[in-house]
Amino acid sequence: MHAVPMIEVDELRKRYAPQAPEAVKGISFGVERGEVFGLLGPNGAGKTTTIGVMTTRVRPTGGTVRVDGIDVRKHPVAVKQRIAVVPQRPNLDRSLSAIENLTFHAAYFGFSRQERRVRAQAMLERFGLEGRENDRVDNYSGGMAQRLMIARALMHEPSVLVLDEPTTGLDPQSRLFLWDQVENLRARGVTLVLTTHDMAEADRLCDRIAIVDHGEVIALDTPRGLRTLLPSAQGLELTVAAPEDPAPGYATLGDVESTATIEDRWTVRVYGALSPGDAVAAADRAGHDLIELRRIEGTLEDVFVHLTGRDLR
Amino acid sequence: MSTTEKPAELEVPARDLLPVRTAQVRAFVALCQRDVWVSVRRDLVSFLAQALLQPLFYLFIFGRVLPEIGAAQGAYGTLLLPGILALTLVLTALQNTSLPLVIEFSFSKEIEDRLLAPLPAWAVGIQKVVIAAVRGVIAAILIIPLAALILPGGVDLGGADWLGFVLVVAGGATVGAAMGLVLGTSVPPNRISVMFAIVLTPLLFTGATFYPWSSLHSLQWFQIVTLFNPLTYVSEGMRAAIVGGPHLATHWIVVGLAVSTVLFGWWGTRGFTRRAVD
């Protein structure tokens, strides 16, 4: 086990021009080796600037960022050897075919001719692009271009992969595929940093999430930990079939709210520290058909809006 | 497609990273290989058309047609050739750095992948200069046999100073590519057509291309203006190397080329680094 975290961001600050407001105002966090770390925030919150510094493309005005213990500002080349980026917008080399995009990328990182070809073929297969390897990338769809960019990023075996809003604009199939790939990379021990404003994505993929707003980290925890930031978030939610308002049947368990949904269906929320067994027994006693039972945790979206407000950016 | 299956080739244990110095050299070489590959496999026709068509027409109209119809002396072609070689050299190198950079920084963003290659950002800019300069040299050399076909008196290189020629070609190509680095990193993409009108046209006509610099003595203000154009020193250097007729003093040619290279090289590299790292 390594003592040094994979990424250390310490009091990072960035001002793009002397008169401009600070885009990042003293952000600090650490990413453990093999962790999937999410930067969640509204547009303009400072996510892209933060990963820009991590990937050597933005010079910080204050603070430090270390990747694998190496200061990004002092040793950018050593950092570039360890990191890879999948950008928001396609930036494939349009003068090259798909497979050449992969082989030349590997060449930039010093791989031998033989290694390049073998790895490129394997990547194309893994990302479902076999048969299209000689196409010009101009002819690729958005989803294919994105898969090729991930393949390219992985060509040089980076220990850190940064994904900048990876699923924005992808169809559901491509999105599921990407999520599977993230799981796959996590299993191989690659450290992943992803920015997103998709709550379901962050919730599903990330071990920990930093919520960033106005250039500051306003919350940092596991998805589950973040949900506890919501007030009154404990309880159970039952969906039952009942001829009339089922609320009285659960009154002994805690505070009850009920709403009619469709036909004879009702949603019953019981707040308090009760067990699912109690709720099932209560439904049985009252003669209600129990259709669904879930724990109320509050969604990440609730947490996000709770913390960052509803204003448009 | 199954995602739980892992192709054996990808199961490489944590790779030993190359030493930083080796990694930088390999990355630089690989970036050059990419450009050579693209030049040969994809861009050859467009490169040749862009580089050669304009100078060939200059040679044909000014060196062949005008003397033929009596609008210029028959020997004009001999004076013209060094200027056209210089023009081809400098403009090809300039356009081959500036145009790709404008596009790669803004529209295609494809420079990003190269900026993440393991070498310093400024080295990515220098690599562009190297390749553009080589393209300039190739274009200028290709002009010579074509000129021999077009010009009425052919091309006589019997009295050429070959060492001087090589130095002027190398210096001219470097200056042109460095000027391209300045333009390519300072011009916003929506101004690119304006840039070509405002920069290239004056550059073309104030560079002692179509006349020896010394013959401008009766138009002294213009003679002084042309001294601010790096192309003047390349044209005069070319004239000194292959014709041996009247030309700017050799030491001034050397100073002009050296100052332009340092100035545009510094300015362009600074501009490139600023675009590459925010």
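The following dialogue examines a predicted model through the reasons behind its descriptions.

Trainee: What makes chain B a chain of helices in its description?

Mentor: Chain B has 10 helices and zero strands. Read along the sequence, its pattern is α-α-α-α-α-α-α-α-α-α. The C-alpha trace of chain B spans about 80 × 40 × 35 Å along its principal axes, and buried residues make up 42% of its 278 residues.

Trainee: Why are helix 3 and helix 9 of chain B called oblique to each other?

Mentor: Two packed helices are described by the angle between their axes and the distance between the axes. For helix 3 (residues 76-106) and helix 9 (residues 230-242) of chain B, the axes come within 8 Å and cross at roughly 135°. Angles over 145 degrees count as roughly antiparallel, and 65 to 115 as roughly perpendicular. The crossing angle falls in neither range, and helix 3 and helix 9 of chain B are therefore oblique. Their crossing is right-handed.

Trainee: Which residues make the contact between these two helices, and how do they divide by class?

Mentor: Helix 3 of chain B contributes B:Pro82, B:Gly83, B:Leu85, B:Ala86, B:Leu87, B:Leu89 and B:Val90, while helix 9 of chain B contributes B:Leu231, B:Val234, B:Ser235, B:Met238, B:Arg239 and B:Ile242. By class, this contact has 10 nonpolar, two polar and one charged residues.

Trainee: Turning to chain A, how do you know that the buried residues of helix 9 lie on the same side of that helix?

Mentor: In helix 9 (residues 276-286) of chain A, the residues A:Ala279, A:Ala282 and A:Ala283 are buried. They cover an arc of only 100° around the axis, which puts them on the same side of helix 9 of chain A. In general, an α-helix has 3.6 residues a turn, so residues three or four places apart point the same way.

Trainee: What covers that buried side, and what does the face turned away from it carry?

Mentor: The cover of the buried residues of helix 9 of chain A includes strand 11 (235-241), strand 13 (265-271) and strand 14 (289-295) of chain A. On the face turned away are the exposed residues A:Gly277, A:Ala281, A:Asp284 and A:Arg285. After helix 9 of chain A comes A:Gly287, whose phi is positive, near 75°.

Trainee: How many residues does each chain bring to the contact between chains A and B, and which helix of chain B gives the largest share?

Mentor: Chain B brings 33 residues and chain A brings 35 residues. Helix 1 of chain B gives the largest share of the side of chain B that touches chain A, with 10 residues. The residues on that side of chain B divide into 19 nonpolar, four polar and 10 charged.

Key
Residues numbered from 1 in each chain as written. Chains lettered and ligands numbered in written order. Predicted model: local features only at pLDDT ≥ 70, side-chain atom pairs only at ≥ 80, totals over all residues. Contact = placed C-beta atoms within 7 Å. Helix = DSSP H or I, 4+ residues; strand = E, 2+ residues; numbered from the N terminus. Nonpolar A, V, L, I, M, F, W, Y, C, P; charged D, E, K, R; others polar. Buried ≥ 20, exposed ≤ 12 C-beta atoms within 10 Å, placed from the backbone. Arc of directions from axis to C-beta. Axes fitted to C-alpha atoms, helices over the stretch in contact; angles between N-to-C directions. Parallel < 35°, antiparallel > 145°, perpendicular 65-115°, else oblique. Left-handed = near helix turned anticlockwise from the far one by under 90°.
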